[in-house]
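Reader: I'd like to go through some of the labels people put on a model like this one. Could you show me the reasoning behind each?

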Amino acid sequence: VSTQSTGGGGGEFNPIHIMSSVDERVKVLETFRLEDEQPFIEGLSLPIIFDSVVNFNYADYNAFDTRWKEETKLISQIDEATKRGQQFIYMVYTYRSCSKALSQVKSEQEQVKEKINEKIRDILEPEIQKLKDFMHYFKKTLNVFCQVIKKFSEGYRPSEVLMWRLILLLDLFRLLDSLKNMKACLNNDFSFYKRALGTLPTNKEGMPQYTEQSQENQLLYLFLANKDSITLDLKEEVQKIERSDEVLAPLLNMCAEYLDAERYVLPNEKFCLLRVIPFLLVLLDSEKMPISRQRHIKLDHFIKIFKKFPVVPLYGDMQ
């Protein structure tokens with residue numbers, strides 16, 4: 001420690017002198033070369049993520065001969081259908097009309113008309129293909145659902161896990177149908193595409209490719225134009241199955257029991273039960289056996305539920 005004498009003869013501490021001396025020493029240390037010039041052979045320590053929940057979607061159901069073998073196969077199929085259905089919910093919910101941004105054909109020259117219609121077809125075709133995939137998905141999933149109902153109508157008693165999967169699938173059908181009804185832009189884009197496609201000279205009747213495409217377009221038109229087409233098709237197919245009410249009624253009562261006992265964790269699980277209850281009532285109602293005459297269904301109980309929850313969120317900002 002440096003000290004500096006003053007007139008009094010005693011030693012006096014000078015912090016300014018000390019700090020300047022420290023700064024000089026630090027600057028000197030910065031000039032030292034501390035690297036050993038040895039190669040760094042150790043790999044980078046990347047973060048390790050461990051997930052204890054691994055879902056293989058019952059891929060090993062066929063490896064074990066148990067009483068749950070067939071049921072796990074059905075659960076696997078329903079889970080795959082539900083997962084793919086979520087993608088179509090995102091697609092329909094976020095769909096925006098493309099035809100409004102396209103210009104109308106005003107030229108009277110045939111070559112110009114044909115060129116504009118070809119561009120319209122090329123622009124809209126990827127979007128129309130999404131709608132066709134949506135329609136084919138519903139047809140395929142409807143067959144899976146009817147197969148499960150048919151198996152249960154033969155006397156097989158499903159587990160609670162499988163019944164909950166069926167409730168989730170029914171909620172998926174309800175969401176898709178409601179979103180499709182609200183999105184008028186789906187039908188507008190398809191009508192615009194169909195008009196442009198019909199004016200092209202390459203599309204002539206009698207050609208196998210045109211005939212197949214025309215039939216598919218007609219099915220898509222009915223699928224999009226008819227309101228509640230998913231619900232009506234599902235109801236028609238389910239009522240063709242004998243004793244289907246003995247399968248759907250337990251699902252309906254299970255939804256009511258879950259609501260009464262508050263057996264849900266997330267809000268979406270609660271809203272799922274509230275959406276599926278009226279959907280199941282529609283599926284169970286028929287001309288031969290109205291819902292009011294079915295003794296295993298207590299309508300008073302469900303009326304209390306509807307009064308308690310008069311408004312139910314549909315999806316996103318829709319009700």
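Reader: What makes Arg-243 partly exposed?

Author: Keep in mind that this is a predicted model. The relative accessible area of Arg-243 is 47%, and buried means under 20% while exposed means over 50%. The value for Arg-243 falls in between, so the residue is partly exposed.

Reader: And why is the pairing of Arg-243 with Glu-246 called a salt bridge?

Author: The cut-off is a side-chain nitrogen of Lys or Arg within 4 Å of a carboxyl oxygen of Asp or Glu. For Arg-243 and Glu-246 the closest N and O atoms are 3.0 Å apart, so the pair qualifies. Glu-246 counts as partly exposed too, at 44% relative accessibility.

Reader: Which salt bridges link distant parts of the chain?

Author: One of them joins Glu-216 and Lys-132, at 3.7 Å from N to O. Glu-216 sits in helix H6 and Lys-132 in helix H3, 84 residues apart. Another joins Glu-160 and Arg-263, at 3.2 Å. There, Glu-160 belongs to helix H4 and Arg-263 to the loop between H8 and H9, with their positions 103 residues apart. The whole structure has eleven salt bridges.

Reader: Lys-132 and Glu-216: buried or partly exposed?

Author: Lys-132 has a relative accessible area of 6%, which is under 20%, so Lys-132 is buried. Glu-216 has 22%, so Glu-216 ends up partly exposed.

Reader: How do you know that Lys-183 counts as buried?

Author: By the cut-off again: 11% relative accessibility is under 20%, so Lys-183 is buried. Lys-183 lies in the loop between H4 and H5, and its side chain reaches the backbone oxygen of Tyr-93 at 3.1 Å. Beyond its neighbours within four places in sequence, Lys-183 is in contact with Val-92, Tyr-93, Tyr-95, Arg-96 and Met-318.

Reader: Why is H4 called oblique to H7?

Author: Helices H4 and H7 pack at an angle of about 140°, with their axes 8 Å apart. Roughly perpendicular covers 65 to 115 degrees and roughly antiparallel starts over 145, so about 140° makes H4 oblique to H7. Among the residues making the contact are Leu-170 and Phe-173 of H4, and Ile-230 and Leu-234 of H7.

Reader: What is that contact of H4 with H7 made of, by class?

Author: Five nonpolar, two polar and three charged residues. Arg-174, Asp-177 and Lys-180 of H4 take part in the contact, and Arg, Asp and Lys count as charged.

Terms used:
Residues are numbered from 1 along each chain as its sequence is written. This is a predicted model: local features need pLDDT of at least 70, side-chain atom pairs count only at pLDDT 80 or more; totals for chains, interfaces and linings use all residues. Side-chain values use heavy atoms; hydrogens and water are left out. Axes are lines fitted to C-alpha atoms, for helices over the stretch in contact, and angles run from 0 to 180 degrees between N-to-C directions. Helices (H or I, at least four residues) and strands (E, at least two) are DSSP runs, numbered from the N terminus. Angles under 35 degrees count as roughly parallel, over 145 as roughly antiparallel, 65 to 115 as roughly perpendicular and the rest as oblique. Contact means heavy atoms within 4.5 Å. Buried means under 20% relative accessible area, exposed over 50%, partly exposed in between (1.4 Å probe, protein chains only). A polar contact is a pair of N or O atoms within 3.5 Å; within protein, one must be able to donate a hydrogen and the other to accept it, and residues adjacent in sequence count only if both atoms are side-chain atoms.
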